[in-house]
Amino acid sequence: GAWPLTTDIMIASVDNPSNAVEWALAEMMNKPELMRKAMEELDAVVGRDRLVQEPDLRSLNYLKACIREAFRLHPYHPLNPPRVAMADTTVAGYSVPRGSQVVLSRVALGRNPRVWADPLEFRPERHLAGDDAAVALSEPELRFVSFSTGRRGCPGIALGTLFTVMLFARLLQGFTWSLPPGVDGVELREAEASLVLAEPLRLQAKPRLPAHLYGPEYDCSSRNL
Ligand code: HEM
């Protein structure tokens with residue numbers, strides 16, 4: 001029906017991006033070196049005189065590598081939606097008889113030590129192929145699950161990528177993030193019943209762009225955002 005479909009699309013377009021961005025930011029607060037690289041890339045590609053725009057996103061490879069790393073290490077759901085094999089088949093050497101229910105574990109794929117060195121370490125560099133090769137959020141080889149693949153893979157790759165990278169890019173370009181006074185690191189703990197951050201991320205945001213870029217309604221010089 002139309003209602004569940006639109007609800008699914010809302011969930012896909014809000015929860016997936018915000019979970020990835022929250023985890024990436026949380027990880028990077030504990031690794032200032034990664035934050036510095038992301039900010040340097042934004043300053044080089046966009047500068048500080050205008051807001052990051054859609055055409056910039058293709059050049060923000062380090063930023064996209066950070067989001068890929070968040071999808072790999074911190075998927076929003078532990079499992080892919082179950083699928084039923086329509087015919088006998090073989091996948092990666094496993095025989096899958098017709099009628100089998102197939103459930104992929106996103107956690108097991110993304111943290112597979114045979115594929116990823118130091119799998120629990122947040123390390124965006126592992127997604128950079130070098131030579132300025134473009135980084136994409138999709139992962140058709142399923143070494144981790146972002147949008148999955150195949151006929152039932154996510155049809156919203158372009159839009160989902162746009163939402164996620166733009167949200168992250170605007171948050172980083174627009175603000176210098178710091179820990180609240182008296183806090184000396186973000187606790188990177190998953191909630192007990194899901195994979196989201198156990199405690200919502202609490203940070204201080206300080207505007208870093210000229211005040212007019214935040215819109216006429218904000219005078220950032222006089223307001224504590
Ligand atoms: C960062 C954002 C998003 C992520 C990480 C994501 C991820 C996924 C994944 C993993 C699946 C399951 C694929 C499978 O079972 O193999 C899926 C399905 C789906 N997604 Fe997305 N998605 C995102 C955004 C969107 C957006 C923006 C839309 C629509 C505007 C969308 C629409 C759908 C639909 C309709 C399906 C069901 C496809 C089917 O069962 O045939 N998604 N998504």
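Helices H2 and H3 are oblique to each other, because their crossing angle falls in none of the classes called roughly parallel (under 35 degrees), roughly antiparallel (over 145) or roughly perpendicular (65 to 115), and the rest count as oblique. The axes of H2 and H3 (residues 61–73) cross at roughly 140 degrees and come within 8 Å. Here axes are lines fitted to C-alpha atoms, for helices over the stretch in contact, and angles run from 0 to 180 degrees between N-to-C directions. Helices themselves are DSSP runs of H or I with at least four residues, strands are runs of E with at least two, and both are numbered from the N terminus. From the H2 side, Leu34, Lys37, Ala38, Glu41 and Leu42 meet Asn61, Tyr62 and Leu63 of H3, where contact means heavy atoms within 4.5 Å.

The model is predicted, with pLDDT of at least 70 needed for local features and 80 or more for side-chain atom pairs, whereas totals for chains, interfaces and linings use all residues. Residues are numbered from 1 along each chain as its sequence is written, and side-chain values use heavy atoms, leaving out hydrogens and water.

H2 (residues 32–45) also packs against H5, with the axes 10 Å apart and an angle of about 95 degrees. That angle makes H2 roughly perpendicular to H5. At this second interface, Met35, Ala38, Met39 and Leu42 of H2 meet Ala169, Leu172 and Gln173 of H5. Ala38 and Leu42 thus appear in the contacts with H3 and again in those with H5.

Two further residues of H5 deserve a closer look. Thr164 belongs to this helix and is buried, since its relative accessible area is 1%; buried means under 20%, exposed over 50% and partly exposed in between, with a 1.4 Å probe and protein chains only. Leaving aside neighbours within four places in sequence, Thr164 is in contact with Pro17, Ala20, Val21, Ile67, Phe71 and Leu137. Leu167, likewise placed in H5, counts as partly exposed because its relative accessibility is 35%. With residues up to four places away in sequence not counted, Leu167 touches Pro17, Ser18, Val21 and Leu162. Between Leu167 and Arg114, the C-alpha to C-alpha distance is 32 Å, for a separation of 53 residues in sequence.

Turning to the ligand, the only protein donor of its iron atom is Cys154, through SG at 2.2 Å. Donors are N, O and S atoms within 2.8 Å of the metal (3.2 Å for Na, K and Ca), and sites may look incomplete, as water is not among the atoms. Cys154 sits in the loop between helix H4 (106–110) and helix H5 (157–174), and is partly exposed, with a relative accessible area of 33%. UniProt lists Cys154 under "binding site" in an unreviewed entry. Another cysteine, Cys66, is buried, at a relative accessible area of 0%. The structure holds zero disulfides, a disulfide being a pair of cysteine sulfur atoms within 2.5 Å.

Finally, the loop between H2 and H3 contains Asp49, which counts as exposed at 66% relative accessibility. Asp49 and Pro210 are 161 residues apart in sequence, and their C-alpha atoms are 7.0 Å apart in space.

Note on methods:
UniProt positions are given in the numbering used here, feature names are shortened, and annotations may be inferred rather than shown by experiment.
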